[in-house]
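Visitor: I'd like to learn how to read a protein model feature by feature. Can we take it slowly?
Guide: Sure, let's bring it up and start from the inside.

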Amino acid sequence: MNNLLLNDFCFIVPTKDRIDLLNRLLISIYAQNYLPKYIIIVDGSSEECLKKIMKNNNVKIIYESVYPPSLTKQRNVGISLVPECIKYVGFLDDDLVLLKNSIQIIYDFYSVDIENKYGGISFNLLNEPKYKKSILKKLFYIGGNKPGKISISGTTSCYNNPDEECLQTEWLCGGATVWRKEVFEKFKFDEWYKGYALWEDVDFSFRVSGAYTLAVLKRAEGLHLHIKATLGKDFYLRCGDIEVVDRLYFVKKYPDEFSFSLSLWSCFGTFIGNFMRSIIYGNILNLLRSYSNIKAIIRCFFGNIERGI
């Protein structure tokens, strides 16, 4: 296979203690017909893993250790390491796999965008859910009224597997995207979102969408291969907290765009959903998650929009 090396293209991959997943992603990149000139790996692992990383003679690895790990900090560190020659910067989560020719499809799309209209493009993750309407979601203002939209409550509609070849969106997933480098001259990830985070990508891409058009390309395919791990009660308690607090923090930042009261209402809908799943499926972990939901809702209602766990 003759690989075309893209001298103005790089990826940033934040990772932590997942060398097997990281190498699986790298293999899928090296199998592409278009290759990035650089891959910037920002590692939050407790021990350096550089020697275990799979290499390709045509692709230069830039490795940086960031400890303690934090997704937004790792992404911002990665941005600071992007070489001057680069025009397009991709972010990939380490549990992704890129499918055939997906880099070429995004690169070629940018190449014909001579007016620099598009600032961010997402890969189409085939195993992520397609947008569907729901009465309960509508009742609680969860998600926008179309794929890729952000509702007045600050919640998002999924956009993968679109009907259109190019679907314009109001937000993009942070870990499956390619951006014009010039975007980062004005925008960085908000490091208030520390460690494991939710809504940090919504926050970033929403700000970018005020200056550029965002889109997902149907033919730029990939897979998000979530780990099937046994997650304990501490994770569910923390997740229940941040899925409320991170959302409300985002909404509070933009009072002219979103409704804080409707966001609280949508968080209550999230609590109801988690509580009902715990009853229907007999899952004590979702009960703990809903418990953290309601605690966070009450705390944020009284103005304390800070993580409790």
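Visitor: Which residues touch the most other members of the largest nonpolar core?
Guide: Keep in mind that this is a predicted model. The largest nonpolar core has 48 residues, and Ile12, Trp179, Phe204, Val208 and Phe250 touch the most other members. Helix α6 (residues 233-253) supplies the largest share of this core, with 6 residues. There is also a second, separate core of 35 residues, and Phe9, Leu22, Val59 and Leu125 are among its members.

Visitor: Let me zoom in on one of those. What does Phe204 touch, not counting residues up to four places away in sequence?
Guide: With those left out, Phe204 touches Trp179, Val183, Phe184, Phe187, Lys188 and Phe189.

Visitor: How many of the residues of α5 are buried?
Guide: Here the cut-off helps: buried means under 20% relative accessible area. In α5, 8 of the 10 residues are buried, so the helix is mostly covered. The buried ones are Glu200, Asp201, Val202, Asp203, Phe204, Ser205, Phe206 and Val208.

Visitor: And what covers the buried residues of α5?
Guide: The cover includes α2, β8 (176-180), β9 (213-224) and α6.

Visitor: α6 again! How do I read a pair of helices?
Guide: Two packed helices are described by the angle between their axes and the distance between the axes. For helix α5 (residues 200-209) and α6, the axes come within 10 Å and cross at roughly 25°. That angle makes α5 roughly parallel to α6, and the crossing of the two is right-handed.

Visitor: Which residues in α5 and α6 meet?
Guide: From α5 you have Val202, Asp203, Phe206 and Arg207, and they meet Tyr249, Phe250 and Lys253 in α6. Sorted by class, the residues of this contact are 4 nonpolar, no polar and 3 charged.

Visitor: Now α6 and α7. At what angle do they pack?
Guide: α6 and helix α7 (residues 260-280) pack at about 165°, with axes 10 Å apart. Angles over 145 degrees count as roughly antiparallel, and α6 and α7 are therefore roughly antiparallel to each other. Their crossing is right-handed.

Visitor: Which residues of α6 and α7 make the contact?
Guide: On the α6 side, look for Glu243, Val244, Arg247, Leu248, Val251 and Lys252. On the α7 side, look for Phe260, Ser263, Leu264, Ser266, Cys267, Thr270 and Asn274. By class, the contact of α6 with α7 has 6 nonpolar, 4 polar and 3 charged residues.

Visitor: Let's try single residues. Is Phe91 buried or exposed?
Guide: Phe91 lies in strand β4 (residues 88-92). Its relative accessibility is 0%, so Phe91 counts as buried.

Visitor: And what is Phe91 in contact with, leaving aside its neighbours within four places in sequence?
Guide: Quite a list: Phe11, Ile12, Arg75, Ile79, Gly174, Gly175, Ala176, Thr177, Trp179, Phe184 and Phe189. Sequence separation is worth a look too: Phe91 and Cys173 are 82 residues apart in sequence, and 9.4 Å apart in space, C-alpha to C-alpha.

Visitor: Can we do the same for a residue in helix α8?
Guide: Take Ser292, which is found in helix α8 (residues 284-301). At 4% relative accessibility, Ser292 counts as buried. Leaving aside neighbours within four places in sequence, Ser292 is in contact with Leu237, Gly240, Asp241 and Ile309.

Visitor: What about the backbone? How do I spot the oddities?
Guide: Most residues other than glycine have a negative phi, and most peptide bonds are trans. Now for the exceptions here. A cis peptide bond joins Tyr67 and Pro68, with omega about 5°. You'll find Pro68 in the loop between β3 (60-65) and α2 (71-80).

Visitor: Which residue in the loop between β1 and α1 should I check?
Guide: Asp17, which sits in the loop between β1 (4-15) and α1 (19-30). Asp17 is not a glycine, yet has a positive phi of about 55°. With 46% relative accessibility, Asp17 counts as partly exposed.

Visitor: And where does Asn101 lie?
Guide: Asn101 lies in the loop between β5 (96-98) and α3 (102-111). Its phi is near 65°, a positive value in a residue other than glycine. Asn101 is partly exposed, with a relative accessible area of 24%.

How values were computed. Residues are numbered from 1 along each chain as its sequence is written. This is a predicted model: local features need pLDDT of at least 70, side-chain atom pairs count only at pLDDT 80 or more; totals for chains, interfaces and linings use all residues. Side-chain values use heavy atoms; hydrogens and water are left out. A nonpolar core is a set of buried Ala, Val, Leu, Ile, Met, Phe, Trp, Tyr and Cys residues joined through side-chain atoms within 4.5 Å. Buried means under 20% relative accessible area, exposed over 50%, partly exposed in between (1.4 Å probe, protein chains only). Helices (H or I, at least four residues) and strands (E, at least two) are DSSP runs, numbered from the N terminus. Contact means heavy atoms within 4.5 Å. Axes are lines fitted to C-alpha atoms, for helices over the stretch in contact, and angles run from 0 to 180 degrees between N-to-C directions. Angles under 35 degrees count as roughly parallel, over 145 as roughly antiparallel, 65 to 115 as roughly perpendicular and the rest as oblique. A crossing is left-handed if the near helix is turned anticlockwise from the far one by less than a right angle, and right-handed if clockwise. Ala, Val, Leu, Ile, Met, Phe, Trp, Tyr, Cys and Pro count as nonpolar, Asp, Glu, Lys and Arg as charged, and the others, Gly among them, as polar.
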